Amino acid sequence: MSLKISRRSDVPAFRALDTLRLVNERIADGMDIKRLEAGQPCFGAPEKAIEHARACLRSDPRQGYTEAIGMTRLRKRIARYYGEQYGVEVDYSRIAVTFGSSGGFLLSFLSALDVGDKVAMACPGYAAYRNFLKALGITPVEFNVDETTNFQPTVAHLEALKEKVDGLIVCSPANPSGTMLTPQQLKDIARWCGDNGVRLFSDEVYHGVTYDRKAETVLKFSQNAVVLNSFSKYFAMTGWRLGWLVLPEDLTDPVKRLAENLFVSPPTLAQSVAHEVFDYRGVLDGYVDVYRANREVLLRELPKAGFTRFSNPEGAFYIYVDVNDITGDSVEFCRRMLDEAHVSATPGLDFDTGRGHATVRISYAGSTADIEEACRRLYQWRMGGIDTKQASAAE
Ligand SMILES: Cc1ncc(COP(=O)(O)O)c(C=O)c1O
């Protein structure tokens, strides 16, 4: 007799992670892959911060639990960062340290929303939002955006929604497009949410990874919005699994109680390192300079390889490429690119279940030499057959 499996667990696989698995298998088989699929920095945390981790382990091998919403000194350090980075005063009582921003999504959705609620989000967008909400019994209300609004939502999109929503998720710089909202656009959206009783969730995980202008925090424009941020991207601590929330006053206590029961504590060693990592902004900004150089290479080389329509990559480390004139099946296209050109990318279906068969996300968080080599292979592949032996020999 087969036992029950919950309906809530019936969420689609995260395809980007499927791609990651395929790539890892090929690499384990000895294939030399240039990786344009991974949504994580090729760098680790700054060396000095790692040294601090070693010292922490030596001085306190026990590494016990911390407060459920994080060490007070880290919460205070994050609060200080808001003054330094944005000129916004935030009391540390509003900061909750979480298990990646993913943990922050769980805690903030659970604290602000109920089963049956509806949350709007732009499509294409980060796949996990949709699936997270579904697993919690909340209905995602997706609306399409495209290059006409820089792949970002506008108040006009929100006005055009056919149903009343309880929440809205925005993400700037965005995954998969890398595009950003202007401060005025964010302000207008925050005002619309305020006027319509909609809780705004601002995913700010790619803040710091911007090229021409700084990203603005929603905290400048709203007292009721939830900010989600992470040590995974700008801070290059992806696998340490740490993020944070900046919460409106009414959610601080619910989030604390949920965090106590659901997680007990965020990872202790990661919190000690995160506290230090703010001292190495120079190193972290150097990483962003590498992504900036990579972006220039792609903007120059992609059109030569026949990829001519793509998003305007203002931040994060992604470009969203329209491959409609090349393929109607982005999954098969990415698989062929992997096996024939030995270059990996993520099919757009993760980000847009309706139109993603004709799009591909390229990530440029690797080294510039790898991005250059990936471009060379893509050019040869698209221009009629790549000599992968030569590509490997070039290593
Ligand atoms: C837009 C966006 N939000 C949130 C996350 C989750 O990141 P983490 O849980 O590592 O903070 C990601 C990861 O790629 C992302 O792209």
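## Core, sheet and domains of a predicted model

Author: The largest nonpolar core holds 106 residues, and those touching the most other members are Ala96, Leu168, Leu200, Val226, Met237, Leu245 and Ile362. This is a predicted model, in which local features need pLDDT of at least 70 and side-chain atom pairs pLDDT 80 or more, while totals for chains, interfaces and linings use all residues. Residues are numbered from 1 along each chain as its sequence is written.

Reader: Why is this set called a nonpolar core?

Author: The term is used for buried Ala, Val, Leu, Ile, Met, Phe, Trp, Tyr and Cys residues joined through C-beta atoms within 7 Å. Buried means that 20 or more other C-beta atoms, placed from the backbone, lie within 10 Å of the residue's own.

Reader: What makes this core lie between domain 1 and domain 2?

Author: Domain 1 (15-45 + 281-393) and domain 2 (48-279) both give residues to the core, so it lies between them; the bounds come from an automatic or database domain assignment.

Reader: How do you know which residues Ala96 touches?

Author: Contact requires C-beta atoms, placed from the backbone, within 7 Å. Leaving aside residues up to four places away in sequence, Ala96 touches Ile69, Gly70, Leu107, Trp244, Leu245, Leu247, Val255, Lys256 and Ala259.

Reader: What makes β7 and β8 a pair?

Author: Strands are DSSP runs of E with at least two residues, helices are runs of H or I with at least four, and both are numbered from the N terminus. Two strands pair if DSSP finds at least two bridges between them; β7 (residues 226-230) and β8 (residues 243-246) are joined by 4 bridges and run antiparallel, so they satisfy that definition. Within this pair, Asn229 stands opposite Trp244 in β8.

Reader: What is the order of the open sheet, and why are β2 and β4 at its edges?

Author: Its 7 strands follow the order β2-β8-β7-β6-β5-β3-β4, with mixed pairing. Both β2 (95-98) and β4 (139-144) have a single partner strand, so one side of each lacks a neighbour in the sheet.

Reader: How do you know the direction of helix α4 against β7?

Author: Axes are lines fitted to C-alpha atoms, for helices over the stretch in contact, and angles between N-to-C directions run from 0 to 180 degrees. Helix α4 (residues 100-112) lies across β2, β5, β6, β7 and β8, and runs at about 160° to β7.

Reader: How many residues bring the two domains into contact?

Author: In domain 1, 29 residues are in contact with 33 residues of domain 2, and the C-alpha centres of the two domains lie 26 Å apart. Helix α10 gives the most to that side of domain 1, with 7 residues.

Definitions and conventions
Buried ≥ 20, exposed ≤ 12 C-beta atoms within 10 Å, placed from the backbone.
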